[in-house]
Amino acid sequence: MDPIRVIVQSCVGCNLCFKACSYGAITMDGPVGAREGKPTAVIDLQKCTLCGACVEACKRYKAIVITRTTFKGQDVKAYSGICVYAEHRLGKLASVVPEIVGAARELQKELSAPVTAILVGNGVRTYTQELLELGVDEIWMIDNPDIGDFDEDVHAELVAQILMEKKPEIFLGGGTVVGRSLLPRVAAKILTGLTADCTELSIDPSTMLLRQTRPAFGGNIMATILTQNHRPQMATVRHKVMKPAAKVENPQGKVVELSHIPVPKTRLEFLEFVEEKTSTVNLVEADVIVSGGRGIKDPKNFALIEKLALATGGAVGASRAAVDAGWIQYSHQVGQTGKTVKPKVYIACGISGAIQHLAGMKGSDMIVAINSDPNAPIFDVAHYGIVGDLFQVIPELVKRLENGA
């Protein structure tokens, strides 16, 4: 049955539905209906969005009907356990994996359920020991030479097949470039929901559902989402937010090979991998980050930020304002809409301290703020503050660092 249909016997050809449709999905060239000589409405299902405007316009005659299909969800009682996606690329596990496992082990304390990991790819057997040492109870593995690192369609299909077979109650992945692309594909295949970029995960004590908390509206509110009728409950976790899992001595976990699941042929063609070239270290992995904001006044002054970053062996970061102004690439942005970082030392130069920026770096072990405004909000979270002209302060810091001071 079509999701929307016209009851010809009730249609009087009044044109009200035609006028109400904003998508051009209705024409008045159907067979004669209830009113002699008046053609009835015809709905183009390719253009119709089921918005219901035509139904509202036809309240008097009730000649247009929408039939909505309600999906009741899976048998949630058939699902149990917490599963993580063991992301890997270019010969090593992604640095977010220990954090996801750490989050899963925290949830395990409340659910008393096993923690498992999905590991698929070519030559991935070498990662199993590292995963077991993180405290994973069981690894569901497909190690096949036909699976390429960048065959995302194949990875999505295999992960979906494993989830449908093993039925974990919760499935977690990293809020990385890979995770943000792969997990939505998986969620669509298995007809469940997905909450992206979570900064907090917990179990609701009354329902035992996964509470998935993430920032919304530019970080101005925190939204907590529950997946009530579908399984698994899926979420991606922001990098550098969760505490990494501590390694366990004498791991007792096991590896289960799922070689019976067929590996489909990829529809993608891998051309080449171009690694971003930068004179400093990776932002997310850095122990020291030096960030610049609007206070540096000109894009060319990021050279000053880079000098301080090089002197400290750190990476270059930036506020959203600096990125939006086109002064530096988005890959350097720290904050709610950029990267969440947790370095040992974070040096904020000319950054006022908007809430969106603070959300991305407030977990740093030590925060140093350099700003000419003594009332800047950044000083509220800084461990050390320097009120002064950054164009004088930074060169002096660089000089002392280079001299071994």
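The expected span of a helix is taken as 1.5 Å times one less than its number of residues. Helices (H or I, at least four residues) and strands (E, at least two) are DSSP runs, numbered from the N terminus. The model is predicted, so local features need pLDDT of at least 70 and side-chain atom pairs count only at pLDDT 80 or more, whereas totals for chains, interfaces and linings use all residues. Residues are numbered from 1 along each chain as its sequence is written, and side-chain values use heavy atoms, with hydrogens and water left out.

Helix H3 is described first. H3 has 15 residues. From first C-alpha to last, H3 reaches 21 Å, close to the 21 Å expected at 1.5 Å a residue. Buried residues are those under 20% relative accessible area; exposed residues are over 50%, and partly exposed ones lie in between (1.4 Å probe, protein chains only). In H3 the buried residues are Val97, Pro98, Glu99, Ile100, Val101, Gly102, Ala103, Ala104, Leu107 and Leu111. They pack against several elements, with contact meaning heavy atoms within 4.5 Å. The partners are strand E5 (82-85), strand E8 (115-121), H4, strand E10 (170-174), E12 and E13. Ser112 follows H3 and has a positive phi, near 55 degrees.

Two of the strands that H3 packs against, E12 and E13, also pair with each other. Strands pair if DSSP finds at least two bridges between them. Strand E12 (residues 200-203) and strand E13 (residues 210-216) run antiparallel and are joined by four bridges. Ile203 has Leu210 of E13 as its bridge partner. The two strands form a hairpin, with six residues between them. In the turn, Met208 has a positive phi of about 60 degrees.

Salt bridges were examined next. A salt bridge is a side-chain nitrogen of Lys or Arg within 4 Å of a carboxyl oxygen of Asp or Glu. The structure holds 13 of them. One joins the side chains of Glu106 and Lys109, at 3.0 Å from N to O. Both residues lie in helix H3 (residues 97-111), three residues apart, about one turn of the helix. Glu106 is partly exposed, at 46% relative accessible area. Lys109 is exposed, at 62%.

Another salt bridge joins Glu133 to Lys247, with the closest N and O atoms 3.9 Å apart. This pair links distant parts of the chain, 114 residues apart. Glu133 lies in helix H4 (residues 128-133). Lys247 lies in the loop between strand E15 (233-237) and strand E16 (254-257). Glu133 is partly exposed, with a relative accessible area of 25%, whereas Lys247 counts as exposed at 60%.

Arg320 and Asp324 form a further salt bridge, their closest N and O atoms being 3.3 Å apart. Both lie in helix H8 (residues 320-324), four residues apart, about one turn of the helix. Arg320 is partly exposed at 41% relative accessible area; Asp324 is exposed at 56%. Elsewhere, Arg180, Asp197 and Arg238 are joined into one network by salt bridges that share partners.

Aromatic contacts were also searched. Rings of Phe, Tyr and Trp (its six-membered ring) pair if their centres lie within 6.5 Å; planes under 30 degrees apart count as stacked, over 60 as edge-to-face and the rest as tilted. Across the whole structure, the search finds two aromatic pairs. Phe150 and Phe270 are stacked, at 4.6 Å centre to centre and 5 degrees between the planes. The two residues are 120 residues apart and link distant parts of the chain. Phe150 lies in the loop between strand E9 (138-143) and helix H5 (152-166). Phe270 lies in the loop between E16 and strand E17 (288-292). Phe150 counts as partly exposed at 24% relative accessibility, and Phe270 is partly exposed at 45%.

Phe150 also pairs with Phe273. That pair is tilted, at 5.8 Å centre to centre and 35 degrees between the planes. Phe273 lies in the loop between E16 and E17, 123 residues from Phe150. Phe273 is partly exposed, with a relative accessible area of 41%. Ring pairs thus link Phe150, Phe270 and Phe273 into a cluster.

Charges over rings complete the description. A charge sits over a ring if NZ of Lys or CZ of Arg is within 6 Å of the ring centre and within 35 degrees of the ring normal. Arg89 lies over the face of Phe150, 4.2 Å from the ring centre. Arg294 lies over the face of Trp327, at 5.7 Å from the ring centre.
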